Amino acid sequence: MSATSTVTGEPPAPGPLGSARRPRRERAEGRRPWPALLLGMLIIASWHLVTICRILPEVFLPGPLPVAERLWLSLTRAGLLGYAWVTIREALLGCLLAAGLALPLAWALHHWPLFSRAVLPYVAASQAVPAIAVAPLLVLWVGYGTTPVVVLCAFMVFFPITATVLLGLRGLDTDIIDAARLDGAHGWSMVLHIELPMTLPAILAGLRTGFTLSITGAVVGEMTMGGTGLGMTLASQRDAVDTTGLFATIVLLCALATTIHWLLYSLERRSRTVRALRGRGAT
């Protein structure tokens, strides 16, 4: 037993081997998709059981096999991938527009208390306005096409990104900030070299949540304002009472949102800055 542990009565701190094993174990657990896959298989099996027992008519709930067949035919013969690309492009542009507005606003809300007290209530109140109510106004103000759909996506995503980044800024280590000020960091040097890297986990988390929500905004915008994406496909299938087609398009939307969420999460985990900050927080 070391002298330090004898005097203080506390056990010695874990050595570098234990601290090295912990991140490896966390990374291995984060890469295991089995819980999600098992849950998905259970949902599909329950869905199939409900349909073969004819608990609900097929017009209300088609089986998973007809939906999978319809999805395959739509992807290979009906050009559904082209419609999906239009929706993803609109969601991406809307998310980038929202991020371009949310990041400086979150910084201003964090650093200027008077500005925060004046503006933050209105930023929060914007979330009480339904997107479907904003869509007709955007048609009057902007017109039809891609632009109003992108603006609607940005409107839906703006607040979640702002709130997430603001929480990240408020959670910065004040000791590091004070040490940087003593070293002469101020203004843009403080933002670029200290605050921005330390807020990167919150920024990536906000983008991860915002992008998946932006897909919903793109679909809602296309269904209400017109377009050539998956929202238009859902609207036509709804009018034709094509339940199987509706389920196939919804499954594709869920797959796109899950894939994008996973890609952004993988980018976050592979970021050296995020790993360094997490390692510092675990010590």
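Helices α8 and α10 cross with a right-handed sense. In this predicted model, the pair is built from α8, residues 146–170, and α10, residues 188–225, whose axes come within 7 Å and cross at roughly 160°. With angles over 145° counted as roughly antiparallel, that makes α8 roughly antiparallel to α10. As for what sits in between, the contact of α8 with α10 breaks down into 18 nonpolar residues, nine polar ones and just one charged.

Helix α10 also packs on α5 (residues 80–111). Here the axes are 7 Å apart and the angle is about 140°, so α5 ends up oblique to α10. This crossing, too, is right-handed. On the α5 side, the contact draws on V86, T87, I88, E90, A91, L92, G94, C95, A99, L103, W107 and H111. Facing them from α10 are V191, E195, I203, L207, G210, F211, S214, I215, A218, V219 and E222. Sorted by type, the residues of the contact of α5 with α10 come out as 15 nonpolar, five polar and three charged.

Next comes the pairing of α5 with α6, the latter spanning residues 113–125. The two pack at an angle of about 130°, and their axes are 7 Å apart; α5 and α6 are therefore oblique to each other. From α5, the contact takes in L105, A108, L109 and H111, while α6 supplies P113, F115, S116, V119, L120 and V123. That set holds eight nonpolar residues and two polar ones, with no charged residue at all. H111 of α5 turns up here as well as in the contact with α10.

A smaller-scale detail shows up around α9, residues 174–182. D173 caps the N-terminal end of this helix, placing a side-chain oxygen 3.0 Å from the backbone nitrogen of D175. After α9 comes G184, and its phi is positive, near 100°.

How far can all this be trusted? For the protein chain, the mean pLDDT is 83, and 84% of the residues reach 70 or more. Among its elements, helix α5 has the highest mean pLDDT, at 93, and helix α1 (residues 3–8) the lowest, at 43. The stretch covering residues 1–20 stays under 50 throughout, and the model gives it three contacts beyond four places in sequence. Where pLDDT is low, the predicted coordinates should not be read in detail.

How values were computed. Residues numbered from 1 in each chain as written. Predicted model: local features only at pLDDT ≥ 70, side-chain atom pairs only at ≥ 80, totals over all residues. Heavy atoms only, no water. Axes fitted to C-alpha atoms, helices over the stretch in contact; angles between N-to-C directions. Helix = DSSP H or I, 4+ residues; strand = E, 2+ residues; numbered from the N terminus. Parallel < 35°, antiparallel > 145°, perpendicular 65-115°, else oblique. Left-handed = near helix turned anticlockwise from the far one by under 90°. Nonpolar A, V, L, I, M, F, W, Y, C, P; charged D, E, K, R; others polar. pLDDT = per-residue confidence, 0-100. Contact = heavy atoms within 4.5 Å. Polar contact = N/O pair within 3.5 Å; in protein donor to acceptor, adjacent residues only side chain to side chain.
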